[in-house]
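Ready for some practice in reading a protein structure? Work through each exercise with the model open beside you, and try every task before you look at its solution.

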Amino acid sequence: MAGRCRVIAVCGHEAGHGRALADLKGRDVTVVPGGRELFRCLAELGRRGEESCVVPMTLGRDPELVADTARTLRALPAKDRAGTVLAGPFGTAQHLVGWLRAAAGRVPASDALLVTAPSGDPFEDAELYRVASLVRRHGNHPLVEVAFTGGDPDPAQGVRRCLLLGAARVVVLPAAFAVPGVPEVPGAQVTVAGPPVPRSALLRVLAERVSDALRRREHGDDGIAAGLGAADHHGHHHTHPPGEGHEHGPALGHSHSHGHVHVPAHGGGRHDDSHEHPHQHPHAPGAGHVLRSSA
């Protein structure tokens, strides 16, 4: 895929810690969970003098995977990480909205959609509700619900809710690499759509992330600094009660970006009229790098 550069696909819960992407393994691609296994893999490649590009396999809900991956790379001895570059995340939440909208476009409008993903932390789960809301707003399905494998509501509860709201049929839309089984709900007509990113598109996007990272490395950027700041606006540590300001140290450089949140144009190219204003903290050069592909 990337010449002599081995691609390391680092997986978190969105990919079942690697199980959902096991078929990517090959001569050029290694699939590993984060943490110790990633560290051991990269250390071994470094000792053999092999170059590698590490791609965090998140669809946008798990910025901690990106930051944890960057911390793992930083912990390697300098000689072992000399030939390693960290790519941007496989996808963003905006990409996920676009992929789900494309999948929803193949489902009859009379069917209910149940957007489903493995449960994460409270902020990741809240993000899935936002994603589902955008899928509904920019689509033709009046009924779009959310469920979490290993969480609350689980897929069976989600199906029952759809039935109570008048749905005759329910289509489960996976919002992760891991595709759930059909929920067992007596009397319900339930089908499960395929993964949000087809294999051909998955390989294309993965190659694009690697290509972008290798180009940045030519200019001296190994991607680690940007990765370390990937989760700076995520989690309880960035939740401020009403009336309280942001009291970051002067070295962190705080700025606010007030831009529209655009949804990839799979169905008209409209954007979210709510004009979301996410806080962006450029703690490291390149932290605001934009991913190109929406596959």
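Helices here are DSSP runs of H or I with at least four residues, strands are runs of E with at least two, and both are numbered from the N terminus. Keep in mind that this is a predicted model.

**Exercise 1. Two arginines**

Task: Find the helix that holds Arg101, and decide whether Arg101 is buried or exposed. Then do the same for Arg209.

Solution:
- Step 1. Look for Arg101 in helix α4.
- Step 2. Recall the cut-off: buried means under 20% relative accessible area.
- Step 3. Arg101 has a relative accessible area of 7%, so it is buried.
- Step 4. Now pick out a residue from another part of the chain: the C-alpha atoms of Arg101 and Val135 are separated by 5.6 Å, although the two residues are 34 residues apart along the chain.
- Step 5. Move on to Arg209, which sits in helix α7 (residues 199-217). Its relative accessible area is 1%, so Arg209 is buried.
- Step 6. Follow the side chain of Arg209: it reaches the backbone oxygen of Phe90 at 3.0 Å.

**Exercise 2. A pair of rings**

Task: Work out how the rings of Phe90 and Phe177 are arranged, and say which parts of the chain the pair ties together.

Solution:
- Step 1. A pair of aromatic rings is described by the distance of the centres and the angle of the planes.
- Step 2. There are 3 aromatic pairs in the structure. For Phe90 and Phe177, the ring centres are 5.5 Å apart and the planes stand at 70 degrees, so this pair is edge-to-face.
- Step 3. Phe90 belongs to the loop between β4 (84-86) and α4 (93-104), while Phe177 belongs to the loop between β7 (169-174) and β8 (189-192), so the pair ties together parts 87 residues apart in sequence.
- Step 4. Check the surroundings: Phe90 and Phe177 are both buried. Together with Trp99 they form one aromatic cluster.

**Exercise 3. The open sheet and its helices**

Task: Give the strand order of the open sheet of 4 strands, and name its edge strands.

Solution:
- Step 1. Trace the order β6-β5-β7-β8; the pairing is parallel.
- Step 2. The edges are β6 (144-149) and β8, each of which pairs on one side only.
- Step 3. Ignoring direction, neighbouring strands of this sheet are turned by 25 degrees against each other on average.
- Step 4. Zoom in on β5 (residues 112-118), which is joined to β7 by 5 bridges. One bridge partner to look for is Leu173 in β7, opposite Val115.
- Step 5. Add the helices. Helix α5 (residues 122-137) lies across β5 and β6, at about 150 degrees to β6. Helix α6 (residues 155-164) lies across β5, β6, β7 and β8, at about 160 degrees to β6.

**Exercise 4. One face of a helix**

Task: Which residues of α6 are buried, and where do they fall when seen down the axis of the helix?

Solution:
- Step 1. The buried residues of α6 are Pro155, Ala156, Gly158, Val159 and Cys162.
- Step 2. Seen down the axis of α6, these buried residues fall within an arc of 160 degrees, so they line one face of the helix.
- Step 3. Ask what covers them: β5, β6, β7 and β8 are included.
- Step 4. Look at the N-terminal end of α6, where Asp154 acts as a cap: one of its side-chain oxygens lies 3.2 Å from the backbone nitrogen of Ala156.
- Step 5. In the loop between β6 and α6 you will find Pro153. A cis peptide bond joins it to Asp152, with omega about 0 degrees.
- Step 6. After α6 comes Gly166, with a positive phi near 105 degrees.

**Exercise 5. A covered strand**

Task: How many residues of β3 (residues 52-57) are buried, and with which residue of β3 does Val10 form a bridge?

Solution:
- Step 1. Count the buried residues of β3: 6 of its 6.
- Step 2. Sort them by side. Ser52, Val54 and Pro56 are buried on one side, and Cys53, Val55 and Met57 on the other.
- Step 3. β1 pairs with β3 in the parallel sense over 6 bridges, and the partner of Val10 is Pro56.
- Step 4. β3 also pairs with β4 in the parallel sense, over 3 bridges. Here Val54 has Leu86 as its bridge partner.

Technical notes: Residues numbered from 1 in each chain as written. Predicted model: local features only at pLDDT ≥ 70, side-chain atom pairs only at ≥ 80, totals over all residues. Heavy atoms only, no water. Phe/Tyr/Trp six-rings, centres within 6.5 Å; stacked < 30°, edge-to-face > 60°. Buried < 20%, exposed > 50% of the residue type's maximum accessible area, 1.4 Å probe, protein only. Pairing = 2+ DSSP bridges. Axes fitted to C-alpha atoms, helices over the stretch in contact; angles between N-to-C directions. Contact = heavy atoms within 4.5 Å. Arc of directions from axis to C-beta. Polar contact = N/O pair within 3.5 Å; in protein donor to acceptor, adjacent residues only side chain to side chain.
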